[in-house]
Amino acid sequence: MSKAESYKHPEAESLLRPDVGVQPQFARNKKARRPASSYRYDSSLSPALEWDGRNPARELGEALIREILEAKSLEEAKAAADKLKAMSAPFLNWAGKAERLSFDVPTLPLFVHERLSTKAILETVSTHKRDKQLDFLADLFGDPQHSVTDQILKAYEHLDKWVNRMIFGDSLVVMNSLIQYEGLAGQVQMIYMDPPYGVKFGSNFQPFVRKRDVKHNDDEDMTREPEMVKAYRDTWELGLHSYLTYLRDRLLLSRELLSPTGSIFVQINDENVHHVREVMDEVFGTENFVSQINFQTTTGFETSTIATLGDFLLWYAKDKGLVKVRKVFQEQQVTLGNGTAGWVLLPDGTSRGVSAAEKRGEQPLPEGARLYGPDNLVSQGAAKSPQPFDYQGKTYLPGGNAHWKSNYPEGMQRLADSRRIHVAKNSIRFRRFLEDFPFQEMGNIWTDTQTGSFTDAKVYAVQTNIKVAQRCILMTTDPGDLVIDPTCGSGTTAYVAEQWGRRWITMDVSRVPLALARQRLLTATFAYYELQSDSRGPAGGFVYKRKQNKKGEEVGGIVPHITLESIAKNEPPKDEVLVDRPEEIKTITRITGPFTFEATIPTVLDLDEDTGVELGAGDSTFYDRMLEVLRRSPVLRLEGNETVTFKNVRRPTKTLCLSAEALVDASAPGQKVSLSEACEEAVEKTSNLLPLTSKPVAFVFGPENGSVTEALVFESAREAYAKSYTHLYVIGFGVQPNARLLVSNCEEVIGVPATYVEATHDLMMGDLLKNTRSSQIFSVCGLPDVKLQRVKSEKKGEPDTYTITLRGLDVFDPVTMEPIHRSGKDVPAWFLDTDYNEQGCFRVCQAFFPRTSAWENLKRALKGEYEDSVWQHLAGDTSTPFEPGECGRIDVEPRDRVPPRERFSPHRLDRVGFVLFDRDDHTLHAERPGEV
Ligand SMILES: C[S@@+](CC[C@H](N)C(=O)[O-])C[C@H]1O[C@@H](n2cnc3c(N)ncnc32)[C@H](O)[C@@H]1O
């Protein structure tokens, strides 16, 4: 296989979103740390208008009365009176609303964990094109100088190097970051929010990547992700009551983010639409309500009363007076006998209604007959002087308190000359021909939005139909505008925004949907809509053209719209733009542009001012709890059902950063007292030798809300060495790559061997889970088994290349608490960074989705341009050959660590394997398991 081309991922320009590896510096930088942000509710909407002295409504009410009494102008008085009046309007109250007049959100920065680009991945296989295709394409473009891939495979690039973003985190925290750290308040054109519907609270989260059917109240189906459980606990404790608080907080931040011309859509079903609408009325103001759209999702299930056919979208504007709206049209549904198809004008100038036989389709319309519907010719309000109009020997008047719609008398005469006047019983009407504009504006009832076998494939239990999100985006944004979805799910909004050249930010509190969304976007293909300006990208707008097919039907993006006004004023018809019909360049396949995967990382809990090292003993509640857990469950699980048990677990006296010390209990049952063969291998894989002496060993606990840092390992190892502990156990919920590296080399670098121990995430979930097994809380997980191979160059002077094979992966099933070995071919996704820069940010240079048809889309779109073996390869376990990059490191990330029952393991976002190159002599050093 030929070697991979190198592709440069666009690096983030903005310092606001550093790579995840700089988190420790960030945490040390006091200026960068921010206090929690406080948001106040509108106190005039206090849920109880009691003037009893405790309610702030009284204070506000009195202030408004004062304002009225002291007003200098009538307007001022009226404005205050209006506010006072609003206070007396009925409102929705719920448990917990009255108690909260404001709420605090932690102000956390966002860090870039991964950079992804489909182009980067395809570049690695671009040398596998079929030769005949190359010739064909070179001919086609007449420009053999250019890379063929560049010509047929493109992604949109946005102004100012904008890169789209997928963010892992609670929407409230993420939106607050966007507002507080990145100044995005007022910059967002549209928000599409599809929250859990506030019913069956337990089934809101899909804990499996491939299992879409989630049962309410089924503990087996309960997610194990701590962030999710926390969100679940915070959000659903009081059922609908907490749900409304959850929504109100997120709506408030959404309003902050919206630009003055922006819109928000909230998707909801009929069980709670009325409540959510009231909450939105409060947050956005009733005056900014735009529409309640009813969209059909099904043909209905049998019920004893009436079938529910769909859900709702609540559309509010930030300011209805300024809102950006682009009309979306659909083709007119023609029913003979109705609307613009109710009458025919015959070639001889006579007209008649469509006959019953014609309606039934038993008789064709006469040759040359033009379908039309009679429309209103008068407007409200009397003219200054009477407007008699003579037509076919009779005089007509517009009627009391009305005037002719067109300019009088010239316009009326032009309408008559163009055969546009229809004579009714005692009045005249305007003849609107079907062909004047065979389209109609989209209303607020959408019946073409059902999901079915011919619509987009569903990968997520609660996936939105593409058409629904698309219509909302097209109605309220232009290409290049920023769209946000605080409830990403499988990424429908991001997918549609990408399709239509909008910039996007999407977020979710669960890794399951984000994994689905990432794969969906990475492997998607779209039509290439021609840009007006290549240099401005989508922000310069798409090209629209007028086009007609052989039958004379309008099939382009510009359609003339003949109106009463254009005829009366003798003007050319207005050009209507059908925003969903830009010009397509059929020879180009468009792929998703580069995007990042980011997450909020809570700043470390307690910082030592001098070293910036988080102290193990920092947050006493958390560390006390961890110490207690270790005391009660002093068992460390190794692979192969081996254990190490500790005794005398206690807090060390006078500690700087160590959290605990203990002795190894050699007499414990099942204890690994001598290194068996199987275990030797496991131990070798995980790190250095485990001590089996009677001398004390030390423990350090990583932070509750973050990963173990390199600085924490360094400082605690130094202390352990100075105090002559024989081993250091670093216990965490996650570990940064550099920290893990230091753990592996700890004996060499600091003089004390160390082991990284993963604590089950169940620990972070309090008593929400029933089945945490106390003996299986701490485990030493195997790392990916990676094989690196050197491929000797066949050509003289060309450097050797390397391939990586993901041979296997040891995962820890959080349900059975058993370690499970998976072959590399069974890992649902794995990524490779061929030039890992140690900053912790993973640039996905090669992406593999073994045993899936994930790349099928692209394969089809590229119509055999690549050899079939390429697609098999992208679904396999061995990388394309590559040259070592400048950083001299590569990193392998088996992404979805999914045990057999397809549970998406709640593991953290860190990396699991990297290998070091020595660029000078091209030797390789295995830093992590696997061979060289
Ligand atoms: C109804 S689904 C969205 C489905 C999405 N429209 C699609 O097409 O796939 C709601 C999503 O919101 C996420 N979610 C719930 N609470 C959240 C929170 N507090 N922050 C961020 N995401 C949240 C859930 O994980 C779930 O994926």
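**Exercise 1. Contacts along the chain**

Task: Find what share of the contacts with a separation of 6 or more joins residues 24 or more positions apart.

Solution. Start with the term: a contact means heavy atoms within 4.5 Å. Now take the contacts in the protein chain with a separation of 6 or more. Residues 24 or more positions apart account for 72% of them.

Two notes apply throughout. This is a predicted model, in which local features need pLDDT of at least 70 and side-chain atom pairs count only at pLDDT 80 or more, while totals for chains, interfaces and linings use all residues. Residues are numbered from 1 along each chain as its sequence is written, and side-chain values use heavy atoms, with hydrogens and water left out.

**Exercise 2. Surface and interior**

Task: State how much of the chain is buried and what area the chain exposes.

Solution. Buried means under 20% relative accessible area, exposed means over 50%, and partly exposed lies in between (1.4 Å probe, protein chains only). Of the 932 residues in the protein chain, 55% are buried. Next, the area, computed by the Shrake-Rupley method with a 1.4 Å probe. The chain exposes about 41400 Å². Carbon and sulfur atoms supply 49% of that.

**Exercise 3. Cysteines**

Task: Count the disulfides, then place Cys657 and Cys746 as buried or exposed.

Solution. A disulfide is a pair of cysteine sulfur atoms within 2.5 Å. By this rule the count is zero. Cys657 has a relative accessible area of 4%, so Cys657 is buried. Cys746 is at 0%, so Cys746 counts as buried too.

**Exercise 4. Nonpolar cores**

Task: Describe the largest nonpolar core and name the residues with the most contacts inside it.

Solution. A nonpolar core is a set of buried Ala, Val, Leu, Ile, Met, Phe, Trp, Tyr and Cys residues joined through side-chain atoms within 4.5 Å. In soluble globular proteins, nonpolar side chains tend to be buried together. Here the largest core has 75 residues. Phe265, Leu313, Trp446 and Ile804 have the most contacts inside it. Helix α13 (residues 466-476) gives this core its largest share, seven residues. Helices (H or I, at least four residues) and strands (E, at least two) are DSSP runs, numbered from the N terminus. Now look at Trp446. Leaving aside neighbours within four places in sequence, Trp446 contacts residues including Ile293, Phe295, Leu313, Val468, Arg471 and Met475. A second, separate core has 47 residues, among them Tyr41, Leu252, Leu257 and Val276.

**Exercise 5. One helix and its end**

Task: Compare the span of α19 with the expected span, then describe the residue Ser724.

Solution. The chain has 23 helices and 44 strands. Helix α19 (residues 710-722) has 13 residues. The expected span is 1.5 Å times one less than the number of residues. From first C-alpha to last, α19 reaches 18 Å, close to the 18 Å expected. Its buried residues are Leu712, Val713, Glu715, Ser716, Ala717, Glu719 and Ala720. Ser724 follows, in the loop between α19 and β33 (728-732). Its phi is positive, near 60°, in a residue other than glycine. At 53% relative accessibility, Ser724 counts as exposed.

**Exercise 6. Unusual backbone**

Task: Describe the bond from Tyr408 to Pro409 and the phi of Arg419.

Solution. Most residues other than glycine have a negative phi, and most peptide bonds are trans. The bond from Tyr408 to Pro409 is cis, with omega near 0°. Pro409 lies in the loop between β17 (402-404) and α12 (410-417). Arg419 is not a glycine, yet has a positive phi of about 55°. Arg419 sits in the loop between α12 and β18 (421-423). With a relative accessible area of 36%, Arg419 is partly exposed.

**Exercise 7. Two sheets**

Task: Trace the order of the three-strand sheet and of the eleven-strand sheet.

Solution. Two strands pair if DSSP finds at least two bridges between them. The open sheet of three strands runs β4-β27-β24, with mixed pairing. β4 (153-154) and β24 (525-529) are the edges; each has a single partner strand, so one side of each lacks a neighbour in the sheet. β4 pairs with β27 (residues 584-591) in the parallel sense over two bridges. Leu153 has Thr589 in β27 as its bridge partner. β24 and β27 pair antiparallel over four bridges. Tyr529 stands opposite Glu584 in β27.

The open sheet of eleven strands runs β21-β8-β9-β7-β6-β22-β23-β5-β28-β3-β40, again mixed. Its edges are β21 (445-446) and β40 (842-843). Six bridges join β7 (residues 258-268) to β9 (residues 310-317), which run antiparallel. Ser263 has Ala317 in β9 as its bridge partner.
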